Amino acid sequence: MHFDLFRPESMPRHPCSGWVHPYTDTPLDHEKVGQAVYLNMISRARDYIYITTPYLAIDEPMLKALCLAADSGVDVRLIMPGIPDHKFAYLVAESYFSELMEHHVKIYTFTPGLIHGKTVLADREVGFAGSVNMDYRSFQLHFECGAVFYDMPETAAALLDDMESIMARSRCLTYEEWRRRPWLHRLIGTVLRPFAMWM
């Protein structure tokens, strides 16, 4: 996987196997750096990409990137809370689940309750941790920060261990059971979805 777009301009002089690139994102410059990091990692993943996020309110390019990655054989997993802290925001997140699962994206809900980490790991090679949620507010309205790491095996292994521990205590939703959820549940999520930016 090539990740040169986010490679720091000045590399450290001491020998190292990879690099870490902290960044900030602001709504004042219209660059959408946080969203670009997510899209870059999703589109360049070849084997797997695991994502933890408490919220999910995404636009068409992000939705398409997740679906295309999964359709191409990448193991795409979204790990979300089993008990949300904002019910209406979670109903919006659930409105995406059917389409994602139709395209083989696996969705895990953390059984013990809330998971608030925002992390991404792709191919045990490139990862992210920071404050950026997968939602409109983080991508377009908030001041956010994060760090991308690349080619750091020990760091990637530690993040993978953490994610696997979370998934071991999570429930993987199935498309069949998801289709059987109450119709009112579906309706509320669909109605609220256009207002996701304000949640």
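# A guided tour of the sheet and its surroundings

Select Y108 to begin: opposite this residue stands C172, in β10. Strand and helix labels follow DSSP runs (E, at least two residues, for strands; H or I, at least four residues, for helices) and are numbered from the N terminus. The model is a predicted one, in which local features require pLDDT of at least 70 and side-chain atom pairs count only at pLDDT 80 or more, while totals for chains, interfaces and linings use all residues. Residue numbers start from 1 along each chain as its sequence is written, and side-chain values use heavy atoms, with hydrogens and water left out.

**The sheet**

Extend the selection from Y108 and C172 to β5 and β10, which run antiparallel and are joined by three bridges. Two strands are taken as paired if DSSP finds at least two bridges between them. Next, display the whole sheet, which is open and mixed in its pairing, with eight strands in the order β1-β9-β7-β6-β2-β4-β5-β10. At the edges are β1 (19-25) and β10 (170-172), each of which pairs on one side only. Averaged over neighbouring strands and with direction ignored, the turn of one strand against the next is 15°. Axes are lines fitted to C-alpha atoms, for helices over the stretch in contact, and angles run from 0 to 180 degrees between N-to-C directions.

Now select β4 (residues 75-81) together with β2 (residues 48-52): the two run parallel and are joined by five bridges. Within this region, T52 stands opposite I79 of β4. β4 is also joined to β5 by five bridges, and these two strands run parallel. There, P81 has F110 of β5 as its bridge partner. Four of the five residues of β5 are buried, which leaves the strand mostly covered. Buried denotes a relative accessible area under 20%, exposed one over 50%, and partly exposed the range in between (1.4 Å probe, protein chains only).

**The helix across the sheet**

Select helix α6 (residues 153-168), which lies across β2, β4, β5, β6, β7, β9 (144-150) and β10. Its direction is at about 110° to β6.

**I115 and its contacts**

Centre the view on I115, in the loop between β5 and β6. Is I115 buried or exposed? Its relative accessible area is 7%, so I115 is buried. With neighbours within four places in sequence left aside, I115 is in contact (heavy atoms within 4.5 Å) with T52, P54, I79, M80, P81, F110 and I166. Several of these have already appeared on the tour, including T52 and I79, which stand opposite each other. A C-alpha distance label drawn from I115 to I83 should read 8.4 Å, for residues 32 apart in sequence.

**Aromatic rings**

Which residues are linked into a cluster by ring pairs? Select Y23, Y38, F128 and F139 to see it. Across the whole structure, five aromatic pairs are found. One of them is Y38 with F139: the ring centres are 5.6 Å apart and the planes stand at 70°, so this pair is edge-to-face. The criterion applies to rings of Phe, Tyr and Trp (its six-membered ring) with centres within 6.5 Å; planes under 30 degrees apart count as stacked, over 60 as edge-to-face and the rest as tilted. Because Y38 belongs to helix α1 (residues 33-44) and F139 to helix α5 (residues 136-141), the pair ties together parts 101 residues apart in sequence. Y38 is buried at 2% relative accessibility, and F139 is buried at 5%.

**Helix α3**

Move to helix α3 (residues 87-94), which is largely enclosed by the rest of the structure because six of its eight residues are buried. To show the buried residues, select A89, Y90, L91, V92, A93 and E94.

**Positive phi in two loops**

Select H104, in the loop between α4 (97-102) and β5 (106-110). H104 has phi near 75°, a positive value in a residue other than glycine. At 52% relative accessible area, H104 is exposed. Then select D123, in the loop between β6 (119-122) and β7 (126-130). Here too phi is positive in a residue other than glycine, near 55°. D123, however, counts as buried, with 14% relative accessibility.

**Cysteines**

Finish with C67, buried at 5% relative accessible area, and C145, partly exposed at 41%. How many disulfides does the structure hold? The number is zero, with a disulfide defined as a pair of cysteine sulfur atoms within 2.5 Å.
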